[in-house]
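Trainee: I have a structure open and would like to talk through one of its helices. Could you walk me through it?

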Amino acid sequence: MTMKPARLQNMANAIRALSMDAVQAANSGHPGMPMGMADVATVLFQNHLKFDPSRPDWADRDRFVLSAGHGSMLIYSLLHLSGYARPTMEDIRNFRQLGSPCAGHPENFLLEGVECTTGPLGQGLAMAVGMAMAERHLNAEFGDDLVDHRTWVVAGDGCLMEGINHEAIGLAGHLHLGRLIVLWDDNNITIDGTADLSTSEDVKARYAATGWHVVSCDGHDFDDIERALEEAKASELPSLVACKTIIGKGAPSKQGTSATHGAPLGPEEIAAARDLLGWEAEPFKVPSDILADWRAAGDGGSEAHGAWQTRLDASADKQAFERRMSAIDDQASSAIQAHIRSLASDPQKVATRKASEMALGPLTEAIPQMIGGSADLTGSNNTKTPSTLPMTADDYSGRYVYYGIREFGMAAAMNGMALHGGVVPYGGTFLIFSDYCRNAIRLSALQKTRAIYVMTHDSIGLGEDGPTHQPVEQVMSLRLVPNLNVFRPCDTIETAECWALAIESPETPSVLALSRQGLPQLRGEGDEEWTSASNRSAKGGYRMRAASAERKVVIVASGSEVALAMECADQLEKDGIGADVVSMVCAELFDAQDDDYRADVLPSDALIVSIEAGSTLGWERYTGRGGLNIGIDSFGASAPAKDLFAHFGFTADDIVPQIQNKLNS
């Protein structure tokens, strides 16, 4: 360590002052964590973190993840002090106020330098695992000259208590992700009080048992912090650095207590803290000499960035690397064009999970960014292809991750990989287990990450496994998430189209809800010369077949029920009742179409009928109050799929009379 402790202390106290002042001004927030971790963060940014504030998107920068997102003033202070364009001091003054990028919890879409949105405890650390996986994978292909960085995490007791922590650290330990270093804010305090109210586990032993290197330090001794970080960097294993800290360090009567965790310190305590810290500057002012030391820390990264740029410019892999890190554009559509055209001439009756595997073949061959995986359901999800060999601790070049039974951890790691860049992650599990992944899926949508969730066994059609495994409410509930495309394709061609749409949506995650049971191919005519411009699924909902007789009914269905809708339409047409059939493959994309298109597909002068083997709630927005909704509003049962569909009324003989009665009424 080259800087004298007194100067480092002043730098750390700048974090403390900004944090307590901003929280006080907002009358809301969490001052304790940033005050407690200020010393550790100062050593990290001064001596170890590789970053360049002038180029926050530098591909080979270290990633810094504040998993304990409630302590957001730590990262806002660090970004401002080290020279990022934002947050400005005015932004910090307006902490937690409308329009300020300094939100209550860090948001990756509001500030450069915030690598991921954190706040739901544990997920920042779990996303960091994905970032570390992406770094090792790209390093295996492009070498140390172009990809050689670390992922640093600040995590608190809450992050380590959450169940996802068990999943994430198990995966990281198994893969020997030595470029991942977690700085544990070991302050023994939670909101309710001391941590021993709720936990008595040996955290360090737990990490060691999962294959991590563990080291401890005094989180307020600069030399000891430096020693621990150097030791962590030297390990070939992921490292937990247990930083023993005092929450709210510097607040004389509240430090070390839960009183500093989630509330302003108050004017009197702040004044006393200023005296204790020797901080004489006015609120939201940083003395010029201290700010200069911070800016020097930020400026130091430009040299490393420049050296990297020189290596990139001289590298034979420059074009390949830049392609890997750039947008995909229409590569997916091009990759599946021949596949769809072949399906048009040679129809296939297969489950849409199998149709997904068929589409993934040419996609993973053509798009090296794609890294797949499954939560121990590879053979059921059909997510592996000949192009995706396993990623292991011995070979990070592989493009298939065996996540184990870690659905939540898988989803969060996928977010981290997508945020890192250079990777388009997809991962599989049963649709019913989307509930295990749910909060990570929500963060995918919030963060605008291209994570693709392959969710198979999408209805009672999975059969004998019964109601514990049969989704009922899952598809509709996922449709409630903003900025999430939920695709439920009806056949091989729609499945391929949905894959292209998912891959070519860089700021929107996708769920592909896929069947276990075989489905007839309904598309083909007109698809012999398929191109991206003829992707009918891009409209979200479209007329699969027009009425022959005078149209009186429009039947809207998704997935496996589109074929049933066709059967119903056939019976109605025999009785002289014209019926359109609409495939609602993605309600979100349909809702994005203009009024004229939606009115043409769902006209006001026809009875609108929905058919989906799931919850009917939500279909009223398309059928109207006078429409008819066929679905399941109870749990399923254990039986063969054919028997279940008959039992729950999913046959043309059951549905057509209901339509006729509705018309006659």
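Trainee: Which residues of H8 are buried?
Mentor: Bear in mind that this is a predicted model. Buried here means under 20% relative accessible area. Nine of the 12 residues of H8 meet that, so the helix is largely enclosed by the rest of the structure. They are Ile164, Asn165, Glu167, Ala168, Ile169, Gly170, Leu171, Ala172 and Gly173.

Trainee: Which elements do the buried residues of H8 pack against?
Mentor: Happy to list them! One strand and several helices take part, the strand being S3 (180-186). In full, the partners are H6, H7 (157-161), S3, H9 (203-209) and H17 (407-420).

Trainee: Are H6 and H8 roughly parallel or antiparallel?
Mentor: Helix H6 covers residues 123-142 and helix H8 residues 163-174, with their axes 9 Å apart. They pack at an angle of about 20 degrees, and H6 passes H8 in a left-handed crossing. Angles under 35 degrees count as roughly parallel. The pair is therefore roughly parallel.

Trainee: How many nonpolar residues are in the contact of H6 with H8?
Mentor: From H6 come Gln123, Leu125, Ala126, Val129 and Met133, while H8 brings Ile164, Asn165, Ala168, Ile169, Leu171 and Ala172. Sorted by class, two of the contact residues are polar and none is charged. The nonpolar count is nine.

Trainee: How far does H8 reach from its first C-alpha to its last?
Mentor: H8 has 12 residues, and at 1.5 Å a residue the expected value is 16 Å. The model comes close to that, with a reach of 17 Å.

Technical notes:
Residues are numbered from 1 along each chain as its sequence is written. This is a predicted model: local features need pLDDT of at least 70, side-chain atom pairs count only at pLDDT 80 or more; totals for chains, interfaces and linings use all residues. Side-chain values use heavy atoms; hydrogens and water are left out. Axes are lines fitted to C-alpha atoms, for helices over the stretch in contact, and angles run from 0 to 180 degrees between N-to-C directions. Helices (H or I, at least four residues) and strands (E, at least two) are DSSP runs, numbered from the N terminus. Angles under 35 degrees count as roughly parallel, over 145 as roughly antiparallel, 65 to 115 as roughly perpendicular and the rest as oblique. A crossing is left-handed if the near helix is turned anticlockwise from the far one by less than a right angle, and right-handed if clockwise. Contact means heavy atoms within 4.5 Å. Ala, Val, Leu, Ile, Met, Phe, Trp, Tyr, Cys and Pro count as nonpolar, Asp, Glu, Lys and Arg as charged, and the others, Gly among them, as polar. The expected span of a helix is 1.5 Å times one less than its number of residues. Buried means under 20% relative accessible area, exposed over 50%, partly exposed in between (1.4 Å probe, protein chains only).
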